[in-house]
Amino acid sequence: MRGRFWVRGNIGTIGGLRVTAERGSALYPDLLPARWEKGPRIASVMCCIRTVLLAALACLIPAAASAQTPPASRTLDAVIKRGVLNCGVNTGLAGFSAPDDKGGWTGIDADFCRAVAAAVLNDTAKVKYLPLNAKERFTALQSGEVDLLSRNTTWTMSRDTSLGLAFVGVIYYDGSAFMTRKSLGLKSVKDLAGASICTQTGTTNELVLADYFATNGITYKPVVFERLVEVLAAYNSGRCDAMTTDSSQLISERLRLQNVDEHEILPELISKEPLGPVVRQGDQQWESIARWVLFAMLNAEELGVTQKNADEMIATSPNPEIRRLLGLEGEFGKGIGLANDWAVRVIKAVGNYGEAFERNLGTGSRLAIPRGKNALWKDGGLQYAPPIR
Amino acid sequence: MMQRNPQPLQPSSWLDPLYDPKIRGIIFQVLLVLALAFLAYEIVTNTAANLRRQNIASGFDFLSRTAGFDISQSMIPYKSTSSYAAAFFVGLGNTLLVAALGIVLATLLGFVIGLGRLSSNWLIAKLSLLYVEVVRNVPLLLQLFIWYVAVLRALPMPHDAKPIAGVAYFDTRGLHTPLPLLDQGGWLIAIAALTGIALTVWLNIWARQRQEQTGQRFPLFWSSLGLVVGPPLLVFLLLGAPLHFEQPTLGRFNFDGGLTILPEFLALLAGLAFYTASFIAEIVRSGIEGVPRGQKEAASAIGLSNAQALRLVVIPQALRLIIPPLTNQYLNLTKNSALAVAIGYPDLVSVFAGTVLNQTGQAVEVVLITMAVYLAISLLTSMFMNWFNARMAIVER
């Protein structure tokens with residue numbers, strides 16, 4: 001269907017109409033993962049064009065929505081009708097969402113896309129991953145190009161309230177950190193006075209950096225790039241003394257450098273960066289689905305339900321909490337417009353939160369990030385999900 | 001002869017004016033204007049309604065809010081506590097700076113290479129041809145990456161940088177040179193300079209009138225130079241040369257103090273200037289070749305040297321052919337400067353349509369402002385070039 005795009009009624013993200021980008025669409029040709037991998041440089045320019053396009057779309061599409069009665073969830077209806085979940089992910093960040101050699105996507109953010117697809121469509125393959133860079137991610141969600149943004153995005157008040165977006169939870173508790181060369185012998189971030197620091201535009205890290213240095217009365221020279229790849233390249237070529245972003249990203253990016261051992265990540269975290277999935281405001285049911293898929297993964301870990309033992313649990317577990325989670329008691333699926341075994345699908349698809357974490361970020365991955373703050377509350381971490389009851 | 005049925009005159013009706021092509025034309029134009037106005041109204045109100053319904057902030061209030069981010073290069077005082085409006089002006093200033101310098105360099109280089117294409121020296125002509133064909137056929141974005149990466153990779157780290165001419169340093173962080181600072185009397189020197197420029201303008205007008213009346217020429221170049229340079233220099237010396245240089249000094253990480261020219265700026269400037277110069281060279285060559293041969297032969301016949309013939313006869317006529325396409329190239333260069341975002345130079349698109357757009361989420365407003373700015377810059381450039389073109393056109397007597 002190359003060269004066509006559809007204007008669909010009743011799905012409604014802008015004025016009751018939304019424009020979708022199908023496979024090979026002429027409207028957003030650069031969205032295809034294969035193209036991004038071939039031409040990442042061109043893509044960075046394409047995103048500017050896209051931002052303009054999306055802004056133009058917002059102007060042109062008529063506001064018909066006020067007149068029509070909205071269905072229970074326009075996003076849910078649209079996803080079911082389309083049969084595919086459009087999920088915005090990172091352009092490539094190992095551990096969160098990165099394309100693999102088989103053309104699929106791996107990482108905890110990609111797994112969350114799969115989990116939602118499993119809950120809604122009962123098929124983890126029915127996800128279309130749309131790689132977005134930091135600058136274009138919100139516009140993509142606002143305009144309806146993606147149904148869900150699962151792209152290591154920091155939950156802040158302005159994003160949650162003035163962008164028309166809603167954060168559904170925290171999938172990873174993170175903080176801004178700095179990577180430098182070991183040869184500089186730095187002990188603390190404050191030792192970076194007068195240094196050139198590379199960071200990515202359109203991130204909270206950029207703001208945190210300015211705040212931190214101003215608060216501490218020290219100067220620095222900012223060097224800002226649009227893509228994380230460019231930030232890393234500039235750092236690597238010696239343009240900057242340090243590079244700042246979320247610590248999890250630094251751990252991931254550091255492994256891409258040639259001489260990994262020459263670089264270190266300073267231990268301080270200078271900010272709170274709670275990363276979480278985002279949906280559009282105003283679709284309460286869709287927001288609930290995304291939120292409770294995350295909570296189901298956390299509750300499953302807490303209750304010891306895993307990808308492997310899920311069937312066994314269904315057959316044998318007498319624990320009412322587990323039985324509610326697995327849809328054997330109560331009608332919790334109904335409340336979010338899904339089948340009652342929605343959580344079983346999620347767990348069978350990606351495992352519980354702990355499994356997803358270890359597979360992508362923890363011991364099962366090259367990153368080997370300890371659970372730390374992302375451990376369950378009962379293990380001394382911050383991950384705490386409200387109960388299913 | 002065709003036979004016409006004699007039609008009785010219809011009684012006049014209120015519809016009659018519709019058969020008048022003039023009135024019909026006016027009616028159609030009014031309808032078109034109404035339709036366009038309606039469309040514009042719908043676009044504006046729909047956008048506002050949609051943004052409100054989606055709970056996306058709108059309006060231009062954000063411009064006065066605190067920006068909260070830093071910018072690597074700024075021609076006006078700016079820090080992270082400045083407003084988004086200040087960030088806008090920083091980006092605009094950076095765009096104008098690189099565009100203006102790029103235009104000057106591209107023009108100079110383009111003229112040299114364009115003349116080189118016409119050189120009777122085989123080597124110079126072929127080298128110029130090679131330059132034009134290679135540079136104009138490689139995409140600008142690629143060239144920018146080549147400049148940026150090549151410039152960066154080849155340069156030493158700050159601690160390994162060797163001084164150039166004893167005072168300047170060129171490292172991965174940019175070109176560091178001493179910064180001349182006036183201790184006092186800056187405004188006196190500025191007044192002297194302005195006076196000198198005013199006198200030069202007056203002198204030029206007077207000399208032209210005198211030449212038209214008496215045919216006597218006046219050594220305009222040297223006297224103008226003297227008038228522009230002389231007064232400020234005199235005031236400067238009378239004040240006791242109150243000038244000192246701030247030297248760049250190596251700190252723990254970087255050179256501090258002095259003047260630092262960022263590598264992003266140098267790469268963008270070089271990319272834009274060299275790329276556009278290849279097009280300007282072709283415009284100059286075709287403009288000169290467009291002047292009839294007879295003109296040059298006539299110039300030789302009255303005893304002008306080759307250089308004189310070029311300067312006094314050929315180029316003034318060639319300019320008429322050169323200026324309109326040259327304007328296009330200036331506009332292209334200015335708009336191409338938006339590619340800065342790819343190599344981290346803080347131009348208008350990078351700072352305003354990039355960071356500010358992302359931090360505020362107000363895509364519609366930010367993109368509109370950015371488009372309006374580029375439109376304004378382009379129209380102003382066009383206006384200036386049209387004025388210049390009109391001045392250069394042959395005056396029909």
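Start by selecting chain A, in which you can trace 15 helices and 15 strands, and keep in mind throughout the tour that what you have open is a predicted model. Of the 389 residues of this chain, 61% count as buried, and if you look at which parts of chain A touch one another, you will find that, among contacts between residues at least 6 apart in sequence, 70% join residues at least 24 apart. Now switch on the surface of chain A, which exposes about 14600 Å², with carbon and sulfur atoms supplying 55% of that area.

Next, move to chain B and select helix H3, which covers residues 122–136 and includes Val132(B). Is Val132(B) buried or exposed? Its relative accessible area is 0%, and because buried means under 20%, Val132(B) counts as buried. To see what lies around Val132(B), leave aside its neighbours within four places in sequence, and then show Ile113(B), Arg117(B), Ser278(B), Ala281(B) and Glu282(B), with which Val132(B) is in contact. You can also draw a distance from the C-alpha atom of Val132(B) to that of Ile280(B), which should read 9.4 Å although these two residues are 148 apart along the chain.

Finally, select Trp14(B), which is found in the segment before helix H1 (21–53) of chain B. Trp14(B) has a relative accessible area of 74%, and since exposed means over 50%, this residue counts as exposed. With Trp14(B) still selected, add Leu15(B), Leu18(B), Tyr19(B), Ile23(B), Ile26(B), Ile27(B), Phe28(B), Val30(B), Leu31(B) and Leu34(B), and you will have on screen the residues that make a nonpolar surface patch of about 1200 Å².

Conventions: Residues are numbered from 1 along each chain as its sequence is written. Chains are lettered from A and ligands numbered from 1 in the order in which they are written. This is a predicted model: local features need pLDDT of at least 70, side-chain atom pairs count only at pLDDT 80 or more; totals for chains, interfaces and linings use all residues. Side-chain values use heavy atoms; hydrogens and water are left out. Helices (H or I, at least four residues) and strands (E, at least two) are DSSP runs, numbered from the N terminus. Buried means under 20% relative accessible area, exposed over 50%, partly exposed in between (1.4 Å probe, protein chains only). Contact means heavy atoms within 4.5 Å. Accessible areas come from the Shrake-Rupley method with a 1.4 Å probe; for residues, only the protein chains shown count as cover. Patches are made of residues with over 30% relative accessible area and no salt bridge: like charges are joined within 9 Å, nonpolar side chains (Val, Leu, Ile, Met, Phe, Trp, Tyr) within 5 Å. A salt bridge is a side-chain nitrogen of Lys or Arg within 4 Å of a carboxyl oxygen of Asp or Glu.
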